[in-house]
Amino acid sequence: MVETGYTVSGMSCGHCAQSVTEELTELPGVAGVDVDVASGRVTVRSAAPLAADLVSAAITEAGYRFEGVTSLAP
């Protein structure tokens with residue numbers, strides 16, 4: 001299992017988190033998604049690394065802006 005962090009901007013509520021989660025869980029191999037609306041941090045657990053363009057497209061489809069990959073260090 002691979003965990004990757006992403007930064008997403010434009011989220012402000014639980015509905016935002018739900019929309020992003022729904023789009024990302026549709027990507028092949030995604031096992032789980034955690035969204036922290038306040039920080040804009042999204043953590044995705046997947047069977048293999050995901051292509052950034054697929055993640056970006058899913059986040060854009062949800063209505064938010066993909067800012068890039070982030071470190072998972074606290």
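The legends below describe several views of one predicted protein model.

**View 1. The whole chain, with its helices and strands in order.** This predicted model contains two helices and four strands, and, read from the N terminus on, these elements follow the order β-α-β-β-α-β. Along its principal axes the C-alpha trace spans about 30 × 25 × 20 Å. A compact globule with 74 residues would have a radius of gyration near 11 Å, and the value for this protein, 11 Å, agrees with that expectation. Of the contacts between residues at least 6 apart in sequence, 65% join residues that are at least 24 apart. The accessible surface comes to about 4000 Å², and 52% of this surface belongs to carbon and sulfur atoms, while buried residues make up 38% of the 74 residues.

**View 2. The largest nonpolar core and the elements that supply its residues.** This core has 18 residues, and those with the most contacts inside it are L24, V42, V44, V55 and Y64. At least two core residues come from each of strand 1 (2–9), helix 1 (14–25), strand 2 (30–36), strand 3 (41–46) and helix 2 (52–62). The largest share, four residues, is supplied by helix 2. If we follow V44 outward and set aside residues up to four places away in sequence, we find that V44 touches V2, E3, T4, Y6, L24, V30, G32, V33 and L50.

**View 3. V20, a residue of helix 1, and its surroundings.** V20 is found in helix 1, and it counts as buried because its relative accessibility is 1%. Leaving aside neighbours within four places in sequence, V20 is in contact with M11, V35, V42, A62 and Y64. The same view allows a check on V30, which is 10 residues from V20 in sequence, while the two C-alpha atoms are 13 Å apart in space.

**View 4. The loop residue S12, set beside A38.** S12 is found in the loop between strand 1 and helix 1, and with a relative accessibility of 61% this residue counts as exposed. Although S12 and A38 are 26 residues apart in sequence, their C-alpha atoms are 7.2 Å apart in space.

**View 5. Two cysteines, C13 and C16, that form no disulfide.** A search of the whole structure finds zero disulfides. C13 is in no disulfide, and the nearest cysteine sulfur, that of C16, is 3.4 Å away. Why is the sulfur of C16 not bonded to that of C13? The distance of 3.4 Å is too far for a bond, because a disulfide requires the two sulfur atoms to lie within 2.5 Å. As for their surroundings, C13 is partly exposed, with a relative accessible area of 33%, whereas C16 counts as buried at 5% relative accessibility.

**View 6. The aromatic pair formed by Y6 and F66.** The structure holds one aromatic pair. The ring centres of Y6 and F66 are 5.9 Å apart and the ring planes stand at 50°, so the pair is described as tilted. Y6 lies in strand 1 and F66 in strand 4 (residues 65–70), so the pair ties together parts of the chain that are 60 residues apart in sequence. Y6 counts as buried at 2% relative accessibility, and F66, at 19%, also counts as buried, because the limit for buried residues is under 20% relative accessible area.

Conventions: Residues numbered from 1 in each chain as written. Predicted model: local features only at pLDDT ≥ 70, side-chain atom pairs only at ≥ 80, totals over all residues. Heavy atoms only, no water. Buried < 20%, exposed > 50% of the residue type's maximum accessible area, 1.4 Å probe, protein only. Core = buried A, V, L, I, M, F, W, Y, C linked by side-chain atoms within 4.5 Å. Contact = heavy atoms within 4.5 Å. Rg over C-alpha atoms; globule rule 2.2 N^0.38 Å. Areas by Shrake-Rupley, 256 points an atom, 1.4 Å probe, with all protein chains shown as cover. Phe/Tyr/Trp six-rings, centres within 6.5 Å; stacked < 30°, edge-to-face > 60°.
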